[in-house]
Amino acid sequence: MHIHRLEKIWLQIGIGMLILFLAITGVNAFAMGQQPPTGHHMIDPAKVKETAPFDKPGLHKISENEYELVIIGYAFGYTPGEVEVPAGAKIRFTVTSSDVVHGFQIPNTAVNLMVVPGEVNHMTYTFKEPGDYLVLCNEYCGAAHEGMKMIIKVR
Ligand code: CUA
C-alpha cells in the first residue's frame, strides 16, 4: 500500500502527539500524584444526628481566626437556623442533608453548595463585611422550598 509522503509525516505527528500527551498525563498521575479527589466523605443519611460532626451542629473554633460551621439541611430549614460568626475569620462550612437534596447559597458571596443526603460537602469562606447574611435553598425540595432559609450574623 502506498502512503503519500505528506500523509506519513502527518501520521507521525499525530502518533507523536498522542505519545507525548499520554506521557504527560502518566507523569502527572504517577510521578507527581495528580489524581482525582479521594476520601469522598460519605455518611449514613439516616443517622445524621448521631454522626460526628453533625451531632453538634453550629460554630466550632478550630484555631485562631478559623472556625468550622456545621450545618444540617432538612425539609424545610437548616440546623442551626441562626448563627453568629466573627467577621474576617476563615469559616469552613461542613454541610449535609438529613432527607432530600437541598442547596446552600448565600447571595452576593461565592458560597454555593449542594446539600446532598449521605454526602458531606465543604467550602471555606471569609466574611469581610459584618451584617446579616441570608442563606437560601436553591434546589427545589418540596412544597415549602421557597421558605427554606437560615441567617448568618457576621459581627
Ligand atoms: Cu431545600 Cu429547596
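How many helices and strands does the protein chain have? Colour the model by secondary structure and count along: you should find one helix and ten strands. Keep in mind as you click around that this is a predicted model.

**Stop 1: the whole chain**

Start with everything selected and trace the chain from the N terminus. The order of elements is α-β-β-β-β-β-β-β-β-β-β, so the helix comes up before the strands do. Now zoom out. Along its principal axes, the C-alpha atoms of the protein chain take up a box of roughly 75 × 40 × 30 Å. The radius of gyration is 23 Å, while a compact globule of 155 residues would come out near 15 Å.

Switch on the surface if your viewer has one. About 9,800 Å² of the protein chain is accessible, and carbon and sulfur atoms own 59% of that. As for what's tucked away, 30% of the 155 residues count as buried.

**Stop 2: two domains**

Next, select residues 1-35 and give them a colour: that's domain 1 in the domain assignment. Then select 45-154, which is domain 2, and pick another colour. How many Å separate the centres of domain 1 and domain 2? Taken over C-alpha atoms, it's 46 Å.

**Stop 3: the helix and its greasy patch**

Select residues 5-31 to light up helix α1. Now show the side chains of L6, I9, W10, I13, M17, L20, F21 and I24; together they make a nonpolar surface patch of about 830 Å².

Click on L20, one of the patch residues, which sits in helix α1. Is L20 buried or exposed? Neither, quite: its relative accessibility is 48%, so L20 counts as partly exposed. The cut-off for exposed is over 50%, and buried means under 20%.

**Stop 4: a lysine on a strand**

Jump to residues 58-63, which form strand β1, and pick K61 from that strand. With 53% relative accessibility, K61 lands in the exposed class, because that class takes in values over 50%.

What does K61 touch, leaving aside residues up to four places away in sequence? Show E66 and Y67, and you have its contacts. Then draw a distance from the C-alpha of K61 to the C-alpha of I91: these two are 30 residues apart in sequence, but 9.3 Å apart in space.

**Last look: contacts across the chain**

Zoom out once more and think about sequence distance for the entire chain. Among contacts with a separation of 6 or more, 57% link residues 24 or more positions apart.

Technical notes: Residues numbered from 1 in each chain as written. Predicted model: local features only at pLDDT ≥ 70, side-chain atom pairs only at ≥ 80, totals over all residues. Heavy atoms only, no water. Patch = residues over 30% accessible without salt bridge, like charges linked within 9 Å, V, L, I, M, F, W, Y side chains within 5 Å. Areas by Shrake-Rupley, 256 points an atom, 1.4 Å probe, with all protein chains shown as cover. Salt bridge = Lys/Arg side-chain N within 4 Å of Asp/Glu carboxyl O. Helix = DSSP H or I, 4+ residues; strand = E, 2+ residues; numbered from the N terminus. Buried < 20%, exposed > 50% of the residue type's maximum accessible area, 1.4 Å probe, protein only. Domains from an automatic or database assignment. Rg over C-alpha atoms; globule rule 2.2 N^0.38 Å. Contact = heavy atoms within 4.5 Å.
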